[in-house]
Amino acid sequence: MIKRFIVAYNKSFYFMYMANIAIAGATGAVGQEILNSLAKKEFPVNELKLFSSSRSAGNTQATSFGPYILEEFSIEACKNIDIIFFAVGGDFSRKYASELLEKNDKIIIIDNSSAFRYDKNIPLVVPAINASAIKNSRLIANPNCTTAILAMVLHPIYKEFGLKKCIVSTYQATSGAGNPGMQELLHESKNYIDGLPVENKIFSHPIPFNLIPHIDVEQENHYTKEEMKVTWETHKIFEDDSFPLSCTAVRVPIIRAHSESVVIETKKNITENGGLEKVREILINAVGVTLRDDIQNNNYPMPLNASEIDEVQVGRIRKNLVFGDFGLEFFVCGDQLLRGAALNAVEIAELVKI
Ligand SMILES: NC(=O)c1ccc[n+]([C@@H]2O[C@H](COP(=O)([O-])OP(=O)(O)OC[C@H]3O[C@@H](n4cnc5c(N)ncnc54)[C@H](OP(=O)(O)O)[C@@H]3O)[C@@H](O)[C@H]2O)c1
C-alpha cells in the first residue's frame, strides 16, 4: 500500500507518498545503481524487496537502506509492491510484465530492458524531455543508455535550432554489458599485463587495449541493433522522426561512462542566431547537463570525470567544417549506469509515485 505523509520543501508543506519498492536484478550493475539513486534522492521508500535469480537468492546484500536478504523473483512476492524496477533483461521483462500487471492492479513497472521500448503504446521516457508521455501508463520503458545520454544534450539544441541531420559515434564502456562486462575488462587486462592468455566470453573479441566496433547483433541494413536503438529511441523520445540519425557504436576498454562524438546539421543558421555562445548558454541552462568546454585548460568531458556523476557532460563545442553555419560538433560523456539507466528510472518513479 502507498502511504501518504507530509514533508516540508522550500518552507512549504506538501503531501508525499511512501511507496513499497522492489528491484528485480538488484545484484546487477543497474540494480545496484537504482538502490544508490533511491537513497541519494531520499526517495520515500516504505518497504523494499530485492529480487535476484535463484543463484543469488538467500544472500545478504548491503545497501544504503541497510542489509537485505535477496529473494528469488516471483509474481506472488510482488503482492504489496507499488513500484518495481525491472533490471534483468528483455526475456525476463517479456515473460513477467503482463502477468504482473494483471495480478497486481496497482503496480507500476519501470523496465530497463529493450523489451517494450518500440511498442507505440508504451511510453519511453527521459523525464527532462518527455515526462508527459507517461500519462497513466503502468508500464514505462527506460531508454537505451547511449540514447539517454545523447538526448539530454541534443534536445535543448534541437528545441532552439531545429535538427536536419545527426551523426553519432560512440565509445561505450564495458559496464554497458553489466557486471560481467566490467569483470572481463579487469580480469583480462591483468592477464594481458602478466603475459597470460587473454580470453573473451562477454565481448566478441578480447577487450583489453582494443576497440570493438560491434555491439549487439547486425541488422538487415548492416547497422547493429545497438546503433539502431539510438535512431529509433531518439525519434520516439523527441516525438519527431523527421531528422535522419545514424550511429556507429564501439566498445572501448573503459570501466564506466559512455562517450559520444556528435555532429549535427541544424535547420536554423547558428552563426546568425547567437553562434557558439548561444549554444553554450543553452547547455549551461539545460537540466542534467554540465558544460566542460575549455580546451585551453584541458577541461572537457572524459569517462573518468563523468563516472558516478548524475549530470551528462558536454564540451569540444565547435562549428562543424562540413555543415558550416548550420553545423555543430561536440563531445558528450555520461555515466550510463546512472543517466542511461538507474537515475533515469528513479526520476520516472518520482513522476509516477504521487
Ligand atoms: N549496464 C548498462 O549500462 C545498462 C544500461 C541501460 C539498460 N540496461 C539494461 O538493464 C538490464 C540489467 O542490466 P545489467 O547491466 O544490470 O546486467 P547485470 O549486471 O548482468 O545484472 C543482471 C541482474 O539480473 C539478475 N537476474 C538474472 N536472471 C534473473 C531472474 N531469472 N530473476 C531475477 N533476477 C535475475 C541477476 O541476478 P543474479 O545475481 O542472481 O545473477 C542480476 O542481478 C538489462 O536489460 C540491460 O540491457 C543496462
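**The ligand and its surroundings**

Visitor: Which atom of the ligand is 2.8 Å from a polar backbone atom of serine 175?
Guide: In this predicted model, where local features need pLDDT of at least 70, side-chain atom pairs count only at pLDDT 80 or more, and totals for chains, interfaces and linings use all residues, the partner on the protein side is a polar backbone atom of serine 175. Residues are numbered from 1 along each chain as its sequence is written, and side-chain values use heavy atoms, with hydrogens and water left out. A polar contact is a pair of N or O atoms within 3.5 Å, and here the ligand supplies a nitrogen atom.

Visitor: How much of the accessible area that the ligand has on its own does the protein cover?
Guide: Accessible areas come from the Shrake-Rupley method with a 1.4 Å probe. On its own the ligand has 900 Å², and the share covered by the protein is 79%.

Visitor: Which element gives the largest share of the shell around the ligand?
Guide: Helices are DSSP runs (H or I) of at least four residues, numbered from the N terminus. Those giving two or more residues to the shell are α1 (29-40), α9 (338-352) and α5. The largest share, 3 residues, comes from α5.

Visitor: Is isoleucine 193 buried or exposed?
Guide: Isoleucine 193 is found in helix α5, which covers residues 178-193. Its relative accessible area is 62%, and because buried means under 20%, partly exposed lies in between and exposed means over 50% (1.4 Å probe, protein chains only), isoleucine 193 is exposed.

Note on methods. Polar contact = N/O pair within 3.5 Å; in protein donor to acceptor, adjacent residues only side chain to side chain.
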